[in-house]
Amino acid sequence: MLRQFVRRFSQVPKGTTLEVGEKLPEYLKHQQGLVLVDFHADWCGPCRFLGPMLEETVKQADAVLLKVNVDESPKVSEHYQIASLPTVMAFKNETQLGGFIGSRDKKFLQTFVQDLASK
């Protein structure tokens, strides 16, 4: 049973995007390096605009993108106090480094990720 847990939540390869939902805390425990978490919803227009740019940005950087649909994962959304969409949080070795609310352009995302990756 323990082996299944470890295998299930093993480190996600860099450049990967994964929908994790309520399992976000477990995935964060096993990630090393920069992890972006995208809190989004299917009905959110700015989320649909931002999502593909985030995916492209993490592919180009040494980072991982974990996605949480707030409608499907209310406990995690409440834990992280998500009140506006899209909300992006950045973590490194389980420590929150920063984040932002709302849609941003590609240049902002690249700078945001580069600055955090160097910390």
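Which residues of the largest nonpolar core touch the most other members? The legends below address this and related views of a predicted model.

**View 1. The largest nonpolar core and its most connected residues.** This core has 20 residues, and those touching the most other members are Leu-24, Leu-28, Val-37, Phe-39, Leu-66, Val-68 and Tyr-80. Two or more residues come from each of helix 2 (24-30), strand 2, strand 3 and strand 4. Apart from this core lies another, of 15 residues, which includes Val-58, Leu-65, Phe-112 and Leu-116.

**View 2. The surroundings of Leu-24.** When residues up to four places away in sequence are not counted, Leu-24 touches Val-37, Phe-39, Leu-66, Val-68, Val-76 and Tyr-80.

**View 3. Strand 3 (residues 63-69), a buried strand.** Seven of the seven residues of strand 3 are buried, so this strand is largely enclosed by the rest of the structure. Ala-63, Leu-65, Lys-67 and Asn-69 point one way from the strand, whereas Val-64, Leu-66 and Val-68 point the other way; all are buried.

**View 4. The strands paired with strand 3.** Strand 1 (residues 17-19) runs parallel to strand 3 and is joined to it by three bridges. Within this pairing, Glu-19 stands opposite Lys-67. Strand 2 also runs parallel to strand 3, here with seven bridges between them. Val-37 has Leu-66 of strand 3 as its bridge partner. Together, strand 2, helix 3 and strand 3 form a β-α-β unit that is right-handed.

**View 5. Helix 5 (residues 106-117) and its two sides.** The 12 residues of helix 5, at 1.5 Å a residue, should span 16 Å, and this agrees with the 16 Å that separates its end C-alpha atoms. Leu-109, Phe-112, Val-113 and Leu-116 are buried in this helix. These four cover an arc of only 90 degrees around the axis, which puts them on the same side of helix 5. On the other side, Lys-107 and Gln-114 are exposed. The buried residues of helix 5 are covered by elements including strand 2 (34-40), helix 3 (45-60), strand 4 (87-92) and strand 5 (95-101).

**View 6. Ser-77 in helix 4 (residues 74-79).** Ser-77 counts as buried because its relative accessibility is 8%, and the cut-off for buried is under 20%. Leaving aside neighbours within four places in sequence, Ser-77 is in contact with Val-70 and Ile-82.

How values were computed: Residues numbered from 1 in each chain as written. Predicted model: local features only at pLDDT ≥ 70, side-chain atom pairs only at ≥ 80, totals over all residues. Heavy atoms only, no water. Expected span 1.5 Å × (residues − 1). Buried < 20%, exposed > 50% of the residue type's maximum accessible area, 1.4 Å probe, protein only. Arc of directions from axis to C-beta. Contact = heavy atoms within 4.5 Å. Pairing = 2+ DSSP bridges. Right-handed = clockwise from strand over helix to strand, strands pointing away. Core = buried A, V, L, I, M, F, W, Y, C linked by side-chain atoms within 4.5 Å.
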